[in-house]
Amino acid sequence: MKRLPTRLAVTRLAVTRLARLAVTRLAVTRLVMAAVLALLAVTLSPDRAGAQVSSGWSVVQLPGLTDYHLYVPAKVDPELPSPLVVFLHGGGSAPSFYRSLLSGEADLLSTVLALPTANSALGWGAGQDQALVEATISSVQSLLAIDPSHVSIAGHSAGGAFAYLLAYGAELPVSSVFTLGAPFLAVTSVAGTYVPPIRMLYGAEDPNHEAALPQLVDQWTSLQVPFEVDEVAGADHNDFPTLDLLAGFDFMLANSRPAGAGITCATTDEQLCLVGGRFKVTVAFTDANGAGVGRVADMSSDGSGLFWFYEPLNWEMLVKVLDGCNFNQKFWVLVAASTDVAYTVTVTDLETGTVKTYGNQLGTAAPAVVDLDAFETCSS
């Protein structure tokens with residue numbers, strides 16, 4: 001008898017597993033099984049073992065978004081957990097400007113670098129930039145073994161300000177923050193049992209040294225955010241002394257996000273929070289008219305929710321996060337969408353910082369997603 005094609009075999013295995021669990025979760029799984037049986041198209045999370053990652057610089061495209069520049073030091077073993085630094089370029093600049101400045105520090109400390117390209121030439125904070133950063137982290141985690149307790153975010157100028165907005169205002173689960181010449185932006189609150197510390201580097205001749213640093217010191221003091229300041233005499237906004245950059249990388253590696261130091265989120269118009277607030281789900285999409293953000297429909301449960309793109313009663317997507325720990329010691333992610341627009345679904349485990357993304361290309365009918373190995377986060 002001929003062997004089944006690999007993807008079909010995986011699909012049937014997923015359906016079989018779901019069927020076995022249906023005795024206790026019939027109401028939860030019936031809709032997902034119907035979607036899988038109807039589409040017979042499963043998109044599983046990328047397998048790191050099948051990925052070919054070379055040392056040095058490469059550029060990775062992200063469906064429906066821009067790209068990021070990935071640097072893997074020669075000493076990094078792709079199968080052993082490594083720290084990751086996501087670095088955001090300055091406004092009006094690009095990752096290529098920073099590659100030679102950062103690779104030396106990464107080599108010395110065996111740290112993986114990811115430099116995403118902002119979605120807008122205007123800089124950070126427009127449109128899908130948060131989805132871009134989350135998708136970058138997810139993509140790197142699919143290619144390399146990344147230590148989730150050592151995922152840091154850094155940035156220069158406007159990129160530095162957006163870095164701390166994501167770490168505190170958007171609750172991106174990172175271990176530390178490192179900014180270079182960042183302007184002041186207001187952060188009103190910080191959630192979670194772990195507050196990532198921040199180190200701020202300024203040249204004494206940088207206009208932001210006088211205009212932003214005092215306000216940031218007051219802000220972090222008020223919010224009880226641990227901070228350090230490195231002020232470099234004679235340096236301006238675009239000066240990056242090697243020893244100070246290395247000290248910033250040392251700072252990021254010295255701070256570890258403890259296991260279980262989660263942030264419990266609450267569902268809003270643009271984010272869905274599932275399984276007691278442990279998992280955060282966001283959706284960004286792109287159609288022929290431009291970019292948009294998926295909105296959460298009014299009806300949702302602790303394990304699933306709906307998103308709409310254009311009209312509140314015209315639902316485009318169902319997302320589920322299911323506790324499969326009694327079955328295979330994993331949390332599962334399932335997505336069923338009825339659209340052909342480009343989209344990126346980002347699911348973040350706020351307890352560990354692990355991020356998974358699932359996407360679709362513009363003009364392609366959306367596949368069903370049944371990822372039965374999404375998050376290895378069950379209690380022992």
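A residue counts as exposed when its relative accessible area is over 50%, as buried when that area is under 20%, and as partly exposed in between. The legends below refer to a predicted model.

**Figure 1. Overview of the predicted model.** The protein comprises eight helices and 18 strands. Of its 380 residues, 53% count as buried. Among contacts between residues at least 6 apart in sequence, 64% join residues at least 24 apart.

**Figure 2. Close-up of Gln224 and Gln329, two residues with positive phi.** Most residues other than glycine have a negative phi. Gln224, in the loop between H6 and strand S8 (227-232), departs from that pattern with a phi near 60 degrees. Its relative accessible area is 69%, and Gln224 is therefore exposed. Gln329 lies in the loop that links helix H8 (325-328) to S15, and its phi is likewise positive, at about 60 degrees, although the residue is not a glycine. With a relative accessible area of 43%, Gln329 is classed as partly exposed.

**Figure 3. The largest nonpolar core of the protein, with 46 residues.** In soluble globular proteins, nonpolar side chains tend to be buried together. Within this core, Val133, Ile153, Tyr164 and Trp220 touch the most other members. At least two core residues are supplied by each of strand S2 (67-72), strand S3 (82-88), strand S4 (112-116), helix H3 (129-143), strand S5 (146-156), helix H4 (158-169), strand S7 (198-203) and helix H6 (213-223). H4 provides the largest share, seven residues. A second core, separate from this one, has 27 residues, among them Leu272, Phe331, Val341 and Ala374.

**Figure 4. Surroundings of Trp220.** Trp220 is one of the residues that touch the most other members of the largest nonpolar core. When neighbours within four places in sequence are left aside, Trp220 is in contact with Tyr164, Tyr168, Val187, Ile198, Met200, Val225 and Phe227. One of these contacts, Tyr164, is also among the core residues that touch the most other members.

**Figure 5. Glu134 and its contacts.** Glu134 belongs to helix H3. Its relative accessible area is 1%, so the residue is buried. Apart from residues up to four places away in sequence, Glu134 touches Leu172, Lys280, Thr282, Thr346, Thr348, Val355 and Thr357. Two of these contacts, Thr346 and Thr348, lie on one side of strand S16 and are themselves buried.

**Figure 6. Helix H7, residues 242-254.** H7 has 13 residues and reaches 18 Å from its first C-alpha to its last, close to the 18 Å expected at 1.5 Å a residue. Its buried residues are Asp244, Leu245, Gly248, Phe249, Phe251 and Met252. Seen down the helix axis, these residues fall within an arc of 155 degrees and therefore line one face of H7. Thr242, Leu243 and Ala254, on the other side, are exposed.

**Figure 7. Strand S16 and its partner strands S10 and S17.** Eight of the eight residues of S16 (residues 342-349) are buried, so the strand is largely enclosed by the rest of the structure. On one side of S16 the buried residues are Ala342, Thr344, Thr346 and Thr348, and on the other they are Tyr343, Val345, Val347 and Asp349. Strand S10 (residues 279-287) pairs with S16 in the antiparallel sense over eight bridges, and Val281 stands opposite Val347 there. S16 also pairs in the antiparallel sense with strand S17 (residues 355-360), over six bridges. In S17, Val347 has Lys356 as its bridge partner. S16 and S17 form a hairpin with five residues between them, and Gly353 in the turn has a positive phi of about 90 degrees.

**Figure 8. An open sheet of five strands.** The strand order is S12-S13-S14-S15-S18, and the pairing is antiparallel. Strand S12 (295-300) and strand S18 (369-375) stand at the edges; each has a single partner strand, so one side of each is left without a neighbour in the sheet. From one strand to the next, the twist averages 25 degrees. Within the sheet, strand S14 (residues 315-323) and strand S15 (residues 331-337) pair in the antiparallel sense over seven bridges. Ala337 in S15 stands opposite Met317.

Key. Residues numbered from 1 in each chain as written. Predicted model: local features only at pLDDT ≥ 70, side-chain atom pairs only at ≥ 80, totals over all residues. Heavy atoms only, no water. Core = buried A, V, L, I, M, F, W, Y, C linked by side-chain atoms within 4.5 Å. Buried < 20%, exposed > 50% of the residue type's maximum accessible area, 1.4 Å probe, protein only. Helix = DSSP H or I, 4+ residues; strand = E, 2+ residues; numbered from the N terminus. Contact = heavy atoms within 4.5 Å. Expected span 1.5 Å × (residues − 1). Arc of directions from axis to C-beta. Pairing = 2+ DSSP bridges. Axes fitted to C-alpha atoms, helices over the stretch in contact; angles between N-to-C directions.
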